[in-house]
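Trainee: Could you take me through one part of this protein slowly? I would like a close look at a strand and at the charged pairs around it.

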Amino acid sequence: ISTTSNNFVFRNMRGSELRGERFIDLLPGLGKALKYEKYSLIVIDPIYQLYGSRTDENSAGDVHRVLSLLETLASDSGAAILYVHHHAKGGQGKKNSIDRASGSGVFGRFGDAIIDVAELHPDDEDSELFRVDFKLRAFEHKKSFGIRIKGLEITLEKSADLSDIKKPGVESTKHTERE
């Protein structure tokens with residue numbers, strides 16, 4: 001699936017043969033090819049679609065190789081790279097935001113700007129709450145904040161308890177009036 005407008009190009013690689021080894025092998029030359037397209041941002045969602053069978057997400061060397069290829073893509077193309085990654089299994093509440101990524105710690109230490117989104121315990125059944133954290137190497141510090149997602153609407157949630165990160169397998173408690 002491809003979509004193009006004046007300032008946006010979407011290429012869906014899901015189901016494509018151009019994933020994993022085939023895509024990672026093309027990365028070294030892709031930046032030079034994209035340089036003339038004048039992209040400002042390239043989004044890879046999810047990053048594990050790049051791996052293929054030769055990449056171990058838990059290997060610092062393998063992850064460093066993939067992220068170094070993306071860094072070269074950014075440098076050669078002139079575009080910023082944003083990739084989406086998932087949290088490790090288990091509770092995330094007691095971890096620093098840079099340690100929540102699944103796999104090698106290289107994920108949390110390689111990027112210049114890391115935005116981590118962790119689910120909070122909901123306070124109602126019609127929406128979801130999240131904590132947003134930033135680790136910014138060369139940018140001004142940003143404080144964590146809460147957001148509420150209800151359908152397609154995302155709003156800032158100033159009253160969210162940012163320490164109440166949801167634990168896996170724990171459902172929220174529904175409070176009801178007793179007669």
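Mentor: Happily; we will start with strand 5 and then turn to the salt bridges. Keep in mind that this is a predicted model. Its mean pLDDT is 84, and 87% of the residues reach 70 or more. One stretch to treat with care is residues 172-179, where pLDDT stays under 50; the model has two contacts there beyond four places in sequence.

Now find strand 5, which covers residues 113-120. In a regular strand the side chains alternate between the two faces of the sheet. You can follow that pattern here: Ile114, Asp116, Ala118 and Leu120 make up the covered face, while Ala113, Ile115, Val117 and Glu119 belong to the uncovered one. The partner to look for is strand 6, residues 128-136, which runs antiparallel to strand 5 and is joined to it by eight bridges. A handy spot for lining up the two strands is Val117, which stands opposite Val132 in strand 6.

Next come the charges. Side chains of opposite charge can pair when their charged atoms come close. The structure holds 11 salt bridges. Asp116, which you just met on the covered face of strand 5, is linked with Arg100, Arg131 and Asp133 in a network of salt bridges.

Let us move to the loops beside these strands. Arg137 and Asp112 meet through their side chains in a salt bridge, at 3.0 Å from N to O. Arg137 lies in the loop between strand 6 and strand 7 (145-150), and Asp112 in the loop between helix 3 (106-110) and strand 5, so this pair ties together parts that are 25 residues apart in sequence. Arg137 counts as exposed, because its relative accessibility is 51% and the cut-off for exposed is over 50%. Asp112, at 45%, is partly exposed.

Another salt bridge joins Asp124 to Arg148, with the closest N and O atoms 3.4 Å apart. Asp124 sits in the loop between strand 5 and strand 6, whereas Arg148 is in strand 7, so the pair connects parts 24 residues apart in sequence. Compare how open the two partners are: Asp124 is partly exposed, with a relative accessible area of 32%, but Arg148 counts as buried at 13%.

For one more example, look at Asp25 and Arg54, whose side chains form a salt bridge of 2.8 Å, N to O. Asp25 belongs to helix 1 (residues 20-34) and Arg54 to the loop between strand 3 (41-44) and helix 2 (60-77), so the parts tied together are 29 residues apart in sequence. Arg54 is partly exposed, at 45% relative accessibility.

Methods: Residues numbered from 1 in each chain as written. Predicted model: local features only at pLDDT ≥ 70, side-chain atom pairs only at ≥ 80, totals over all residues. Heavy atoms only, no water. pLDDT = per-residue confidence, 0-100. Contact = heavy atoms within 4.5 Å. Buried < 20%, exposed > 50% of the residue type's maximum accessible area, 1.4 Å probe, protein only. Helix = DSSP H or I, 4+ residues; strand = E, 2+ residues; numbered from the N terminus. Pairing = 2+ DSSP bridges. Salt bridge = Lys/Arg side-chain N within 4 Å of Asp/Glu carboxyl O.
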